[in-house]
Amino acid sequence: MLSSLKFTCVTSFFAYFFLVDFPEKADQSWKFLNKDERDFVVRRINKDRDDAIPEKFTVARFLKPGLDIKIWILALISFFIITVTTSISVFLPIILRDGMGFSVAASQCLVAPPYCFAAILMIASAYLGDHYHVRGPILIFNSLIALVGLPVMGFASSNGARYFGVFLVTAGTNANIPTALAYQANNVRGQWKRALTSALFVACGGIGGISGGTIFRSQDAPRYVPGISAAIA
């Protein structure tokens with residue numbers, strides 16, 4: 001593990017020199033874009049949100065957007081999504097073993113199919129979002145899928161039905177991660193406002209990861225009612 005960490009640190013140092021700069025300077029970074037392509041991208045960004053050229057940084061300009069309640073709502077969206085995705089990813093093998101009675105080996109194998117289904121929904125969400133230029137309705141739709149799946153996973157009478165609920169929860173919540181990232185990035189104007197929003201989004205997602213690691217407890221098996229209720233809430 002230590003050697004892997006060292007490799008990551010060394011690689012990240014060299015990777016810095018290969019990063020492509022912001023669009024207005026992308027023609028200067030390894031000829032990633034030529035000047036015509038750079039100008040085209042800058043025009044598209046300015047037409048969309050008029051902030052291709054970054055403003056000068058000041059602490060006040062960076063922190064002032066924190067007074068906007070919508071920024072915190074976006075951060076809460078990240079918190080709620082990551083809470084559920086983390087809880088499922090961490091505890092799903094335990095839920096399958098202790099909650100549904102599968103063997104250890106079967107539980108480990110049964111973790112994979114729901115994530116394959118989640119990948120399909122994630123790609124479909126990305127395609128539809130880009131094609132129709134919408135994010136919010138897709139975010140709501142995926143949340144409803146997860147909301148249906150949670151009580152099915154927790155309270156259905158047969159293991160087959162409960163495992164079907166696992167598919168719905170896993171797909172709905174994981175598909176919402178890139179959807180929510182695109183939603184906040186597409187709806188925030190201004191370089192430094194977007195920087196603060198992204199920082200809060202990631203930070204609250206990290207807190208959601210801590211929260212998600214605590215809601216499914218071994219003493220609540222086999223139905224895990226408190227964990228299911230917390231995820232629904």
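## Exercises on a predicted helical model

Just after helix α2, D50 takes a positive phi of about 55 degrees. The exercises below concern a predicted model, and each is followed by a solution in steps.

### Exercise 1. The helix before D50

Describe the span of α2, and determine which of its residues are buried and how they are arranged about the helix axis.

Step 1. Helix α2 covers residues 35–48, which makes 14 residues, and the distance from its first C-alpha to its last is 20 Å, close to the 20 Å expected at 1.5 Å a residue.

Step 2. The buried residues in α2 are R38, V42 and I45. Viewed down the axis of α2, the buried residues fall within an arc of 65 degrees, so they line one face of the helix. The general background is that an α-helix has 3.6 residues a turn, so residues three or four places apart point the same way.

Step 3. On the face of α2 that is turned away from its buried side one finds the exposed residues D36, R43, R44, K47 and D48.

Step 4. The two ends can then be added: at the start of α2, a side-chain oxygen of N34 comes to within 3.1 Å of the backbone nitrogen of D36, while D50, with its positive phi of about 55 degrees, stands just after the helix.

### Exercise 2. A network of salt bridges

Find which residues D68 pairs with in salt bridges, and work out which parts of the chain are tied together.

Step 1. Searching the whole structure gives 5 salt bridges. As a general matter, side chains of opposite charge can pair when their charged atoms come close.

Step 2. One of these salt bridges joins K70 to D68, with the closest N and O atoms 3.2 Å apart. K70 is exposed, at a relative accessible area of 52%, whereas D68 is buried, at a relative accessible area of 17%.

Step 3. D68 also forms a salt bridge with K193, where the closest N and O atoms are again 3.2 Å apart. Because D68 lies in the loop between α3 (59–63) and α4 (69–99) and K193 in helix α9 (residues 191–212), the pair ties together parts that are 125 residues apart in sequence. K193 counts as partly exposed, at 26% relative accessibility.

Step 4. Taken together, D68, K70 and K193 are linked in a network of salt bridges.

Step 5. Another salt bridge can be set beside this network, namely that of D98 with R97, in which the closest N and O atoms are 2.9 Å apart. D98 is partly exposed, with a relative accessible area of 34%, and R97 is partly exposed as well, at 37% relative accessibility.

### Exercise 3. The surroundings of helix α9

Establish which helices the buried residues of α9 pack against, and examine the contacts of R194 and T83.

Step 1. Helix α9 has 22 residues and reaches 31 Å from its first C-alpha to its last, close to the 32 Å expected at 1.5 Å a residue.

Step 2. Its buried residues are Q191, R194, L196, T197, L200, F201, C204, G205, G208 and G212, and the buried residues of α9 pack against α3, α4 and α8.

Step 3. R194, in helix α9, counts as buried at 12% relative accessibility. Not counting residues up to four places away in sequence, R194 touches R49, D51, A185, V188 and R189.

Step 4. Turning to helix α4, where T83 is placed, one finds that T83 is buried at 9% relative accessibility. Residues up to four places away in sequence being left out, T83 touches G208, S211 and G212, and a polar atom of the T83 side chain lies 3.4 Å from the backbone oxygen of G208.

### Exercise 4. The nonpolar cores

Identify the residues with the most contacts inside the largest nonpolar core, and the helices that supply this core.

Step 1. The largest nonpolar core has 18 residues, and those with the most contacts inside it are M153 and F216.

Step 2. Helices α4, α7 (136–155), α8 (159–186) and α10 (225–232) each supply at least two residues of this core. The helix that gives the most to this core is α4, with 6 residues.

Step 3. Leaving aside its neighbours within four places in sequence, M153 is in contact with I88, M100, R162, G165, V166, F216 and I228.

Step 4. There is also a second, separate core of 6 residues, which includes A118, L121, L168 and A171.

Methods: Residues numbered from 1 in each chain as written. Predicted model: local features only at pLDDT ≥ 70, side-chain atom pairs only at ≥ 80, totals over all residues. Heavy atoms only, no water. Salt bridge = Lys/Arg side-chain N within 4 Å of Asp/Glu carboxyl O. Buried < 20%, exposed > 50% of the residue type's maximum accessible area, 1.4 Å probe, protein only. Helix = DSSP H or I, 4+ residues; strand = E, 2+ residues; numbered from the N terminus. Polar contact = N/O pair within 3.5 Å; in protein donor to acceptor, adjacent residues only side chain to side chain. Contact = heavy atoms within 4.5 Å. Expected span 1.5 Å × (residues − 1). Arc of directions from axis to C-beta. Core = buried A, V, L, I, M, F, W, Y, C linked by side-chain atoms within 4.5 Å.
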